[in-house]
Amino acid sequence: MHARHMELALEEARTAFAKGEVPVGAVIVRDEKIISRAHNLIETMKDATAHAEILAIRKACQRLGGWRLEGCTMAVTLEPCPMCAGAIVQARLDCVVIGAFDFNAGAAGSVYNIVRDKRLNHSARVVYGVMQEECSELLKKFFRERR
């Protein structure tokens, strides 16, 4: 089930890649139903907060009619940054499924662990390494082509 959701997130990441965006995609699911999908649009929107996770959370909140995403799981191709990890906690997502680790700025266990910090009002379960190779390779390809 996680691999199926990650494949959808990878589709979003590939769309970002085609637009010249860092290829990160996110999908939010509840009861096996896709609630929202998004990819990075930072360059397109000229908005530092237009990360895939933030955009997916915004769409899910609009679709569900509230800000609490309890019962929802997010699949994301790259470990969330501190901003996105904070949004995951604030939105009350139950679970985050991560493809590639981000050893530079990850906030779900690599550098920080905001999503699991028991001092906060909520923490999410985390599943690591789902389709890790595919997620990592897409990011590597993007940055190789940029250099």
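Two strands count as paired if DSSP finds at least two bridges between them. The model used in these exercises is predicted.

**Exercise 1. The sheet**

Task: State which order the strands of the open sheet have, and which strands stand at its edges.

Solution.
1. The open sheet has five strands in the order β2-β1-β3-β4-β5, and the pairing is mixed.
2. β2 (33–39) and β5 (125–127) each have a single partner strand, so they stand at the edges, and one side of each lacks a neighbour in the sheet.
3. From one strand to the next, the twist averages 20 degrees.

**Exercise 2. Pairing along the sheet**

Task: For β1 with β2, β1 with β3, and β4 with β5, find the sense of pairing and how many bridges there are.

Solution.
1. Between β1 and β2 there are six bridges, in the antiparallel sense. Valine 27 is placed opposite arginine 37 of β2.
2. β1 also runs antiparallel to β3, and five bridges join them. Here isoleucine 28 faces methionine 74 of β3.
3. β4 (residues 95–100) and β5 run parallel and are joined by three bridges. Valine 96 has valine 126 of β5 opposite.
4. As for burial, five of the six residues of β1 are buried, and the strand is mostly covered.

**Exercise 3. Two helices side by side**

Task: Decide whether α1 and α5 are roughly parallel or roughly antiparallel, and describe their contact.

Solution.
1. Helix α1 (residues 2–18) packs with α5 at an angle of about 5 degrees, and the axes are 10 Å apart.
2. Angles under 35 degrees count as roughly parallel. The two helices are therefore roughly parallel to each other.
3. On the α1 side, the contact is made by Met6, Leu10, Ala13, Arg14 and Phe17. They meet Glu134, Cys135, Leu138, Lys141, Phe142 and Glu145 of α5.
4. Sorted by class, this contact holds seven nonpolar, four charged and no polar residues.

**Exercise 4. The core**

Task: Find which residues of the largest nonpolar core touch the most other members, and which helix gives the most to this core.

Solution.
1. The core has 52 residues, and those touching the most other members are Met6, Ile28, Ile57, Leu69, Met74, Ile88 and Leu93.
2. Helix α3 (residues 52–64) gives the most, with seven residues.
3. Take isoleucine 28 as an example. With neighbours within four places in sequence left aside, its contacts include Ile34, Ile57, Leu69, Met74 and Leu93.
4. Helix α4 (residues 82–91) has Cys84, Ala85, Ala87, Ile88, Val89 and Ala91 buried. The buried residues of α4 pack against α3, β3 and β4.
5. As a general point, nonpolar side chains in soluble globular proteins tend to be buried together.

**Exercise 5. Positive phi**

Task: Glutamate 32 and arginine 92 have a positive phi; locate each residue and say whether it is buried or partly exposed.

Solution.
1. Glutamate 32 is not a glycine, yet its phi is positive, about 65 degrees. Its place is the loop between β1 (25–30) and β2.
2. In the hairpin of these strands, with two residues between them, aspartate 31 also has a positive phi, near 50 degrees.
3. Arginine 92, likewise not a glycine, has a positive phi of about 65 degrees. This residue lies in the loop between α4 and β4.
4. Buried means under 20% relative accessible area, and exposed means over 50%. Glutamate 32, at 40%, therefore counts as partly exposed, whereas arginine 92, at 15%, counts as buried.

How values were computed:
Residues numbered from 1 in each chain as written. Predicted model: local features only at pLDDT ≥ 70, side-chain atom pairs only at ≥ 80, totals over all residues. Heavy atoms only, no water. Helix = DSSP H or I, 4+ residues; strand = E, 2+ residues; numbered from the N terminus. Axes fitted to C-alpha atoms, helices over the stretch in contact; angles between N-to-C directions. Parallel < 35°, antiparallel > 145°, perpendicular 65-115°, else oblique. Contact = heavy atoms within 4.5 Å. Nonpolar A, V, L, I, M, F, W, Y, C, P; charged D, E, K, R; others polar. Core = buried A, V, L, I, M, F, W, Y, C linked by side-chain atoms within 4.5 Å. Buried < 20%, exposed > 50% of the residue type's maximum accessible area, 1.4 Å probe, protein only.
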